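I sat down with this one to see what could be read from its coordinates. These are my notes, in the order I looked things up.

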Amino acid sequence: MDKNFWPPILALAIPLLALLIPIAYIVFRFVLQSRKAQLMHETLRHFAQLGQPIPPELLQQEPPSAALTTPTPEQKAERVASLLRKAVLAMCSGLGLGLVVYWVNLDNGEFNGFHGWAWGLLPFILGLGWLFLWVAESRQLRHEQALARGETD
């Protein structure tokens, strides 16, 4: 077998596998939810065919997710703090990635022309977005806290 056989196959297989993992998760989750709903309907149909009363626990919907409920002021403050943490982490990792790739491509102190350092801009700009979101949300949180205390602008 040729020694140059595996690198091109791996160059295609690794990104495809990386893309298939989240797709497989979504499909698997959908199949599980569909199966759960199907079993619930079969159970309800069985009770109805037997003329038995349907237990109210079976008819109750799942509790609403945390995203649908109104967050408490502590939860809002934690969300705002987590935005700052995400922003700093993304900006630092983007800057670090860009610098490492840039320094790796220096040849005797001269840049050899590979512009892979620009990949560091992606997490850096994402971090900037989170930073702007943190500024906006922290202003809104301070305004809400001032209104709750009865202060006016």
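**Entry 1: the nonpolar patch**

I began at the surface of this predicted model and found a nonpolar patch of about 750 Å², made by Leu-95, Leu-99, Tyr-102, Trp-103, Leu-106, Trp-117, Leu-121 and Ile-125. I then asked which helices each supply at least two residues of the patch. They are H3, residues 73–104, and H4, residues 121–149. H3 gives the largest share, four residues.

I also looked up Leu-106, which sits in strand S1, residues 106–107. Its relative accessibility is 30%, so I logged Leu-106 as partly exposed.

**Entry 2: the two helices**

Next I checked the length of H3. Its 32 residues reach 46 Å from the first C-alpha to the last, close to the 46 Å expected at 1.5 Å a residue. I did the same for H4: the 29 residues should span 42 Å, and the end C-alpha atoms are indeed 42 Å apart.

Which residues of H3 are buried? My list reads Val-80, Ser-82, Leu-83, Ala-87, Ala-90, Met-91, Gly-94, Gly-98 and Val-101. A reminder to myself: an α-helix has 3.6 residues a turn, so residues three or four places apart point the same way. The cover over the buried residues of H3 includes H4.

For H4, I noted Gly-127, Glu-137, Ser-138, Leu-141 and Ala-146 as buried. What do the buried residues of H4 pack against? They pack against H3. Just after H4 comes Gly-150, and I noted its positive phi, near 90°.

**Entry 3: salt bridges**

How many salt bridges does a search of the whole structure find? I got three.

In one of them, Glu-144 pairs with Lys-76, with the closest N and O atoms 3.0 Å apart. Glu-144 is in H4 and Lys-76 is in H3, so this pair ties together parts that are 68 residues apart in sequence. Glu-144 is partly exposed, at a relative accessible area of 30%.

Another joins Arg-79 and Glu-137, 3.1 Å from N to O. Arg-79 belongs to H3 and Glu-137 to H4, so the pair links parts 58 residues apart in sequence. Are its two ends buried or exposed? Arg-79 is partly exposed at 40% relative accessibility, whereas Glu-137 is buried because its relative accessible area of 19% is under the 20% cut-off.

I also wrote down Arg-85 and Glu-78, whose closest N and O atoms are 2.6 Å apart. Arg-85 counts as partly exposed at 48% relative accessibility, and Glu-78 does too, at 45%.

**Entry 4: the whole chain**

Last, I stepped back to the fold. The protein has four helices and two strands, running α-α-α-β-β-α from the N terminus on.

What is the radius of gyration of the protein? I read 27 Å, where a compact globule of 153 residues would be near 15 Å. The C-alpha trace spans about 85 × 70 × 15 Å along its principal axes.

Buried residues make up 12% of the 153 residues. The accessible surface is about 12800 Å², and 69% of that belongs to carbon and sulfur atoms. My final entry is on contacts: among those between residues at least 6 apart in sequence, 58% join residues at least 24 apart.

Methods
Residues are numbered from 1 along each chain as its sequence is written. This is a predicted model: local features need pLDDT of at least 70, side-chain atom pairs count only at pLDDT 80 or more; totals for chains, interfaces and linings use all residues. Side-chain values use heavy atoms; hydrogens and water are left out. Patches are made of residues with over 30% relative accessible area and no salt bridge: like charges are joined within 9 Å, nonpolar side chains (Val, Leu, Ile, Met, Phe, Trp, Tyr) within 5 Å. Accessible areas come from the Shrake-Rupley method with a 1.4 Å probe; for residues, only the protein chains shown count as cover. A salt bridge is a side-chain nitrogen of Lys or Arg within 4 Å of a carboxyl oxygen of Asp or Glu. Buried means under 20% relative accessible area, exposed over 50%, partly exposed in between (1.4 Å probe, protein chains only). The expected span of a helix is 1.5 Å times one less than its number of residues. Contact means heavy atoms within 4.5 Å. The radius of gyration is taken over C-alpha atoms; the globule rule is 2.2 Å times the number of residues to the power 0.38.
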